[in-house]
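Here are some notes to read alongside the model, for anyone opening it for the first time. Take them in order, and keep the structure in view.

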Amino acid sequence: MSLKYVPKDLDEEASEDLKLFRDKLLAKPGKGSAGKTGTWRLYKPVIKIDGCTKCGICWLYCPDDVISWRPREYPDIDYTYCKGCGICASVCPVNTIEMILEGE
Ligand code: SF4
Ligand code: SF4
């Protein structure tokens, strides 16, 4: 007789793992310990939602934790604190984040 692990609900378990990762294991950069850091920005990341696959990679890599994202949802950038570093745009696997010069 062999034992076989059969997950009850893969989606639910993946969601639980992600929650654990997000809440307990992921280092959390703080928003705006230097004030409203969005004023430092020269280039602004703009997500072209049509191309977004909701993968969450941008959320994972943003060093300032200013991208909100939940599984199966589109990400949202908090421009009050986004410094415009461009990391989100460089890691987006489908290149759907464009860095636009502020004021354009
Ligand atoms: S440009 Fe992207 S990665 Fe950089 S702070 Fe803003 S949202 Fe985060
Ligand atoms: S990395 Fe790109 S495709 Fe993935 S959630 Fe962010 S914007 Fe969407």
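1. A quick definition before we start: a residue is near a molecule if its C-beta atom, placed from the backbone, lies within 6 Å of it. Keep in mind too that this is a predicted model. With that in hand, look at ligand 1, which has 13 residues around it, and Cys62, Cys82, Cys85, Ile87 and Cys88 come nearest. Sorted by class, that shell holds nine nonpolar, two polar and two charged residues.

2. Now move over to ligand 2. Which residues are closest to ligand 2? They are Cys52, Cys55, Ile57, Cys58 and Cys92, out of 13 that surround the ligand. The shell here divides into nine nonpolar residues, three polar ones and one charged one.

3. For the overall layout, count three helices and four strands in the protein. Walking along the sequence, you meet them in the pattern α-β-α-β-β-α-β. Of the contacts between residues at least 6 apart in sequence, 70% join residues at least 24 apart.

4. What share of the 104 residues is buried? The figure is 12%. The largest nonpolar core has 10 residues: Cys58, Cys62, Val66, Ile67, Ile77, Tyr81, Cys82, Cys88, Cys92 and Ile97. As background, nonpolar side chains tend to be buried together in soluble globular proteins. Some names in the core should ring a bell: Cys62, Cys82 and Cys88 are among the residues that come nearest to ligand 1, while Cys58 and Cys92 are among the closest to ligand 2.

5. Ile97 is a good core member to click on. Setting aside neighbours within four places in sequence, Ile97 is in contact with Pro45, Val46, Ile47, Cys58, Cys88, Ala89 and Cys92. Two of those, Cys58 and Cys92, also turned up among the residues closest to ligand 2.

6. Next, try Lys44, which sits in strand 1, residues 43–47. Lys44 counts as partly exposed because it has 18 C-beta neighbours inside 10 Å, and a residue needs 20 or more to be buried. Beyond its neighbours within four places in sequence, its contacts are Tyr79, Gly84, Ile100 and Glu102. Take Tyr79: it is 35 residues from Lys44 in sequence, yet their C-alpha atoms are 8.1 Å apart in space.

7. Two residues have backbone angles to look at. Lys54, in the loop between strand 1 and helix 2 (57–61), has a positive phi of about 65 degrees although it is not a glycine. Asn95 also has a positive phi without being a glycine, near 50 degrees, and is found in the loop between helix 3 (87–91) and strand 4 (97–101). Are these two buried or exposed? Lys54 is exposed because it has 12 other C-beta atoms within 10 Å, and Asn95 is exposed because it has 10.

8. Last, have a look at two residues earlier in the chain. Lys19 is in helix 1, residues 10–25, and counts as exposed because it has 12 C-beta neighbours inside 10 Å. Its C-alpha atom is separated by 9.9 Å from that of Pro71, 52 residues apart along the chain. Ser33 belongs to the loop between helix 1 and strand 1. With 9 C-beta neighbours inside 10 Å, Ser33 counts as exposed. For Ser33 the partner to check is Asp64: the two are 31 residues apart along the chain, with 9.9 Å between their C-alpha atoms.

Terms used
Residues are numbered from 1 along each chain as its sequence is written. Chains are lettered from A and ligands numbered from 1 in the order in which they are written. This is a predicted model: local features need pLDDT of at least 70, side-chain atom pairs count only at pLDDT 80 or more; totals for chains, interfaces and linings use all residues. Ala, Val, Leu, Ile, Met, Phe, Trp, Tyr, Cys and Pro count as nonpolar, Asp, Glu, Lys and Arg as charged, and the others, Gly among them, as polar. A nonpolar core is a set of buried Ala, Val, Leu, Ile, Met, Phe, Trp, Tyr and Cys residues joined through C-beta atoms within 7 Å. Two residues are in contact if their C-beta atoms, placed from the backbone, lie within 7 Å.
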